[in-house]
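User: Please guide me slowly through the structure shown below, with a reason at each step.

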Amino acid sequence: MSEQSATPGDLEGRPLQLPSVEWAGDSHFAAFDKTVRVRCRPRPAAATIATMFARFPGAGPVDPPDTFTLLDPTPDDPLYRLYRGSYRSVGYRAWAHVVNKLVAQINIKFVKAYPQHAVHAGVVAWQGKAVCFPGWSGRGKSTMVAACLLEGMAYVSDEALLLDFNSALALPYPKPIGVSAWSRRAVGLPATAEHACPVRESGPCRWDLPFPTAEELGAVTVDAPLPVGHVVLLDRNSERPAISRLAANQVQLALLQQSVNHYRHPAESFRVTARIAQTARAWSLAVGDDPRGAARLLAKALSA
């Protein structure tokens with residue numbers, strides 16, 4: 001058994017047996033013709049979920065429903081639980097971790113539903129153009145997005161660059177911004193209760209969430225498609241921030257390598273990424289341990 005979980009697996013386990021409960025939240029959220037229903041018993045979690053997904057309103061009912069259910073601890077089960085349909089996920093001693101799991105599951109569903117070219121990337125906006133950071137998990141995309149927002153850029157997504165085949169524009173996908181404890185420290189955000197709360201605490205604790213909105217970081221959220229002006233490859237192995245230009249062919253390579261769905265329409269994906277490679281500038285950005293400094297260096301280079 002892990003420190004946070006009493007059951008193995010992810011979204012697996014015993015079927016859902018609902019007690020008679022009054023939901024603190026029962027909402028629908030939607031993107032790209034996919035809708036989810038979220039029922040939530042913990043009141044703080046319900047309010048948090050409503051805030052995080054406010055930009056993804058959906059109308060119910062959904063047939064067939066894809067329903068997520070968050071439940072409080074009970075005398076027989078001391079953990080907060082997340083169900084998807086009738087299957088139970090791992091449990092946590094803090095509702096915030098259940099919400100983290102929920103965000104991840106909804107995000108996977110929405111991004112997979114995007115019918116055109118999707119790239120695993122963080123995306124911000126600067127001077128009317130999209131600036132994207134393609135890369136798989138752990139490359140520092142969300143950290144860099146948060147740093148850029150704190151330095152005056154606008155928010156597009158910390159998860160996906162969504163390209164339109166016809167216009168080659170980037171569509172906004174402003175999901176909640178996932179920043180780890182290290183990221184919070186690196187960009188100068190105060191530590192939250194979550195990062196200080198021991199996972200083996202005997203009773204439930206109300207941890208804060210590591211999912212700030214762009215507005216909470218003092219930034220605006222883009223609500224219209226943008227041309228892709230810059231593709232930035234992140235380097236976390238350096239000691240200090242530095243930036244340099246890359247060859248144009250690195251743009252298309254990155255946008256294809258980090259795509260999550262290019263296999264669906266390979267010819268269209270090749271054409272749209274080739275089109276962007278002709279106009280966007282490619283950069284290598286060394287971040288080091290100073291993402292805010294790297295964000296300032298990036299803004300200066302992009303403005304030149």
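User: Does Arg292 count as buried, partly exposed or exposed?

Analyst: This is a predicted model, in which local features need pLDDT of at least 70 and side-chain atom pairs count only at pLDDT 80 or more, while totals for chains, interfaces and linings use all residues. Residues are numbered from 1 along each chain as its sequence is written, and side-chain values use heavy atoms, leaving out hydrogens and water. Buried means under 20% relative accessible area, exposed means over 50%, and partly exposed lies in between (1.4 Å probe, protein chains only). Since its relative accessibility is 24%, Arg292 counts as partly exposed.

User: Which residue forms a salt bridge with Arg292?

Analyst: A salt bridge requires a side-chain nitrogen of Lys or Arg within 4 Å of a carboxyl oxygen of Asp or Glu. For Arg292, the closest N and O atoms are 2.5 Å apart, and the partner is Glu151.

User: How many residues apart are Glu151 and Arg292?

Analyst: Helices (H or I, at least four residues) and strands (E, at least two) are DSSP runs, numbered from the N terminus. Glu151 lies in the loop between helix H3 and strand S8, whereas Arg292 belongs to helix H8, so this pair links distant parts of the chain, and the separation is 141 residues.

User: Which residue forms salt bridges with Arg84 and with Lys109?

Analyst: In the pair with Arg84, the closest N and O atoms are 2.9 Å apart, and the pair with Lys109 also has an N to O distance of 2.9 Å. The residue found in both pairs is Asp66.
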